[in-house]
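Please walk through this structure with me, one contact at a time. Keep the sequence and the 3D view side by side.

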Amino acid sequence: MKINVIGIPVQDQDKALKFYTETLGFVEKRDIPLAEGNRWLTVVAKEEQDGPELLLEPSPTSFEPARVYQKALYDAGIPYTQFSVDNVQEEYERLSRLGVEFSMKPTEMGTTKIAVFDDTCGNKMQIVEML
Amino acid sequence: MTCYQNEIDRIRENCYSNELQIATIIQTRQFIINNFDKKLNLDLLSRRQHISKFHLLRLFKRYYGLTIRQYLIETRLEKSKEFLANGMSVTETCFAVGYESPGSFSTLFKSRTGFTPSIFKNSNFR
């Protein structure tokens, strides 16, 4: 058994694909049409294109409990998941220049440094650097 | 301030208030990263930080969730993937990341990645 795909809920797949590729820098991997205009849409890290895929799933628009859960996390500022970066401060500055909004600026947390941003698709996401 | 920020502040205060201890463990990790290709052992690492071997072991596991040995293996394997992908031979890679036996290196590599170093290297040239 392997971990190949991790899903995150997004309110709009087109918008999510644009943000996750053009702003964050991930690479589109699979785009498979499904019913009712939904797609099996995944992106991967540029440096690790055979690594785990991030599934941009439209659950908030088609499954009410998913929308409620996503909103509750968002309102509490809790990240849906996190991504590893080499340098949180540099990534914070790069993304801020691109207009990304951070709800938590780079913050040291023991042996890690973290920051939290808005992915514009209904989620807070965390970036983390191991110190 | 968000609920998450409050929680982060609370956890930091409860779990990460010993700055000296954290600095010691971060320095140990940095030393491993900078010297993964050398013969590293617990005696050397603990002497550098002026703390007992057992205390260092406990602290490293507590803050990074891995033992020093596990972390060293992980670092060496990540580097070996990079070297193999850049065209280095399996034997050269083995020595370049601090292992002395290509056979043991291949066994370890396969157990952690699912591929032998040769297969991994060739797949990167396809």
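**Helix packing in chain B, and beyond**

Start in helix 2 of chain B, where B:Gln21, B:Ile22, B:Thr24, B:Ile25, B:Thr28 and B:Arg29 meet B:Leu56, B:Leu59, B:Phe60, B:Tyr63 and B:Tyr64 of helix 4 of chain B. By class, this contact between helix 2 and helix 4 of chain B holds 7 nonpolar, 3 polar and 1 charged residues. Bear in mind that the model is predicted.

Now look at the geometry. Two packed helices are described by the angle between their axes and the distance between the axes. The axes of helix 2 and helix 4 of chain B cross at roughly 90° and come within 10 Å. Helix 2 of chain B is therefore roughly perpendicular to helix 4 of chain B.

Helix 3 of chain B comes next. Its axis and that of helix 4 of chain B come within 9 Å, again crossing at roughly 90°. So helix 3 of chain B is roughly perpendicular to helix 4 of chain B. From helix 3 of chain B, the contact takes B:Leu42, B:Asp43, B:Leu45, B:Ser46 and B:Gln49. Helix 4 of chain B answers with B:Lys53, B:Leu56 and B:Leu57. The classes here are 4 nonpolar, 2 polar and 2 charged.

That leaves the pairing of helix 2 with helix 3. In chain B, helix 2 and helix 3 (residues 42-49) pack with their axes 10 Å apart, at an angle of about 135°. An angle over 115 degrees but not over 145 counts as oblique, so helix 2 and helix 3 of chain B are oblique to each other. Their crossing is right-handed. On the helix 2 side of chain B, the residues are B:Thr24, B:Gln27, B:Thr28 and B:Phe31. On the helix 3 side of chain B, they are B:Leu45, B:Arg48 and B:Gln49. This contact of helix 2 with helix 3 of chain B divides into 2 nonpolar, 4 polar and 1 charged residues.

Some residues serve in two of these contacts. B:Thr24 and B:Thr28 meet helix 4 of chain B, and B:Thr24 and B:Thr28 also meet helix 3 of chain B. B:Leu56 touches helix 2 of chain B, and B:Leu56 is also in the contact with helix 3 of chain B.

Next, the core. Which residues touch the most other members of the largest nonpolar core? They are B:Phe60, B:Tyr63 and B:Ile68, out of 13 residues in that core. Helix 4, helix 5 (68-85) and helix 7 (102-113) of chain B each give two or more residues to this core. Helix 4 of chain B gives the most, with 4 residues. B:Phe60 and B:Tyr63 have already appeared, in the contact of helix 4 with helix 2 of chain B.

Stay with helix 5 of chain B, which holds B:Tyr71. Is B:Tyr71 buried or partly exposed? B:Tyr71 has 19 C-beta neighbours inside 10 Å, and a buried residue needs 20 or more. B:Tyr71 therefore counts as partly exposed. Beyond its neighbours within four places in sequence, B:Tyr71 is in contact with B:Ile32, B:Tyr64 and B:Leu66. B:Tyr71 and B:Gly87 are 16 residues apart along the chain, and their C-alpha atoms are separated by 25 Å.

Turn to the contact between the chains. It takes 13 residues from chain B and 11 residues from chain A. On the chain B side, helix 1 (3-15), helix 2 (19-34) and helix 4 (53-64) of chain B each give two or more residues. Helix 1 of chain B supplies the largest share, 6 residues. The chain B side divides into 10 nonpolar, 2 polar and 1 charged residues.

Helix 1 of chain B also contains B:Asp9. B:Asp9 is partly exposed, because 13 other C-beta atoms lie within 10 Å. B:Asp9 and B:Ile119 are 110 residues apart in sequence, and 47 Å apart in space, C-alpha to C-alpha.

Finish with two loops of chain A. Most residues other than glycine have a negative phi. A:Glu36, in the loop between strand 2 (27-33) and strand 3 (39-44) of chain A, has a positive phi near 55°. A:Glu36 counts as exposed, because it has 7 C-beta neighbours inside 10 Å. A:Thr120 is not a glycine either, yet its phi is positive, about 65°. A:Thr120 is found in the loop between strand 7 (112-118) and strand 8 (124-130) of chain A. With 18 other C-beta atoms within 10 Å, A:Thr120 is partly exposed.

How values were computed: Residues numbered from 1 in each chain as written. Chains lettered and ligands numbered in written order. Predicted model: local features only at pLDDT ≥ 70, side-chain atom pairs only at ≥ 80, totals over all residues. Contact = placed C-beta atoms within 7 Å. Nonpolar A, V, L, I, M, F, W, Y, C, P; charged D, E, K, R; others polar. Axes fitted to C-alpha atoms, helices over the stretch in contact; angles between N-to-C directions. Parallel < 35°, antiparallel > 145°, perpendicular 65-115°, else oblique. Left-handed = near helix turned anticlockwise from the far one by under 90°. Core = buried A, V, L, I, M, F, W, Y, C linked by C-beta atoms within 7 Å. Buried ≥ 20, exposed ≤ 12 C-beta atoms within 10 Å, placed from the backbone.
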